Amino acid sequence: MSAITLKIDERQIATLTLNRPVIHNAFDDALIREITATLRDLEKKDLRALVLASTGSSFSAGADLQWMKRMSSASTDANQRDAEELSGMLRRLQLFPRPTIAVVQGAAYGGGVGLISACDIAIASELATFSLSEVKLGLIPSVIGPYVMAAIGERQSRRYFLSAEKFTAAEALRIGLVHEVVAPDAMARTLEKVTDAILLGGPKAQVAAKRLINDIAGKPITPDMLDDTARRIASIRSTEEGKEGVGAFLEKRKPNWL
């Protein structure tokens with residue numbers, strides 16, 4: 001059985017599904033490489049969005065403990081290379097050029113929270129639970145840390161990195177880890193609502209908007225940033241997609257990407 005499955009529908013929405021339900025979709029070095037390679041291939045395709053989902057009762061238990069045990073006896077250099085592969089996968093997910101949506105149907109622990117944080121949008125079942133559980137294992141949420149802190153902020157990270165408490169979907173919504181919490185039987189309908197909204201936007205504008213977020217997030221507002229953002233809007237106004245979008249709105253018709 002493949003550790004992941006991939007489907008691309010007629011709307012050019014790709015769904016990458018973690019498929020290791022017996023071990024709660026925990027990931028190891030092999031799965032990290034497989035996800036990274038899949039993301040690299042998908043970057044070259046003309047997609048509108050990427051959905052990250054999983055099978056079984058858990059979204060992802062994070063790192064496979066058998067993998068962690070194996071790496072505990074490996075050299076420092078081997079552990080460094082291993083950690084860099086995980087870091088590269090999360091970075092590739094965060095920088096994926098199209099909108100990304102995490103669909104969280106169950107428990108997300110450790111690195112599973114990192115996967116959610118690296119996505120643009122997160123939808124959770126009201127039955128989902130979460131934990132940054134690393135310190136309970138004598139570890140730290142280091143590689144996932146920048147993504148989780150960007151999602152929930154320093155103050156909430158101080159609590160949950162240090163306490164490793166399990167928290168509910170409602171708390172995940174409150175602290176900003178997920179955007180919407182719904183009943184389990186409303187997950188598919190909510191995902192469709194979000195993807196329908198994404199499809200209304202200009203494809204190239206969404207790529208540019210995501211690049212804008214990644215380039216300015218967390219940085220001070222400086223004269224250079226102001227000049228850069230002015231250049232970006234000036235440039236995109238003159239593109240064919242920009243002209244078409246404004247023209248369609250003024251003429252009360254659908255733009256040609258719909």
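Mentor: Let's start with a definition: a residue is buried under 20% relative accessible area, exposed over 50%, and partly exposed in between. Keep in mind that this is a predicted model.

Trainee: Thanks! So is Trp257 buried, partly exposed or exposed?

Mentor: Trp257 has 22% relative accessibility, so it counts as partly exposed. You will find Trp257 in the segment after helix 10 (240-250).

Trainee: Which residues does Trp257 touch?

Mentor: Leaving aside residues up to four places away in sequence, Trp257 touches Leu199, Leu200, Gly201, Gly202, Pro203, Glu241, Glu244 and Gly245. Take Glu244: 13 residues separate it from Trp257 in sequence, and the C-alpha to C-alpha distance is 9.1 Å.

Trainee: Now the sheet. What is the order of its strands?

Mentor: The six strands form an open sheet in the order 1-2-3-5-7-10, and their pairing is mixed. Strand 1 (4-8) and strand 10 (180-182) are the edge strands, each pairing on one side only. From one strand to the next, the twist averages 20°.

Trainee: In which sense do strand 5 and strand 7 pair?

Mentor: Strand 5 (residues 100-104) pairs with strand 7 (residues 121-125) in the parallel sense, over four bridges. To find your place in that pair, look for Ile101, which stands opposite Ile121 in strand 7.

Trainee: And where does helix 4 lie?

Mentor: Helix 4 (residues 111-118) lies across strand 2, strand 3, strand 5 and strand 7, and runs at about 140° to strand 5.

Trainee: How should I think about nonpolar cores?

Mentor: The general idea is that nonpolar side chains tend to be buried together in soluble globular proteins. Here, the largest nonpolar core has 46 residues, and Val104, Leu115, Ile116, Phe130 and Leu177 have the most contacts inside it. A second, separate core has 13 residues, including Ile13, Ile123, Val182 and Leu199.

Trainee: What does Val104 touch?

Mentor: Among its contacts beyond four places in sequence are Phe59, Ile116, Ile123, Phe130 and Met187.

Trainee: One last feature: how do helix 8 and helix 9 pack?

Mentor: An angle over 145 degrees counts as roughly antiparallel. Helix 8 (residues 203-216) and helix 9 (residues 223-237) pack at about 175°, with their axes 12 Å apart, and are therefore roughly antiparallel to each other. Helix 8 brings Ala205, Ala208, Arg211, Leu212, Asp215 and Ile216 to the contact, while helix 9 brings Met225, Thr229, Arg232 and Ile236. By class, that contact has six nonpolar, one polar and three charged residues.

Conventions
Residues numbered from 1 in each chain as written. Predicted model: local features only at pLDDT ≥ 70, side-chain atom pairs only at ≥ 80, totals over all residues. Heavy atoms only, no water. Axes fitted to C-alpha atoms, helices over the stretch in contact; angles between N-to-C directions. Helix = DSSP H or I, 4+ residues; strand = E, 2+ residues; numbered from the N terminus. Parallel < 35°, antiparallel > 145°, perpendicular 65-115°, else oblique. Contact = heavy atoms within 4.5 Å. Nonpolar A, V, L, I, M, F, W, Y, C, P; charged D, E, K, R; others polar. Pairing = 2+ DSSP bridges. Core = buried A, V, L, I, M, F, W, Y, C linked by side-chain atoms within 4.5 Å. Buried < 20%, exposed > 50% of the residue type's maximum accessible area, 1.4 Å probe, protein only.
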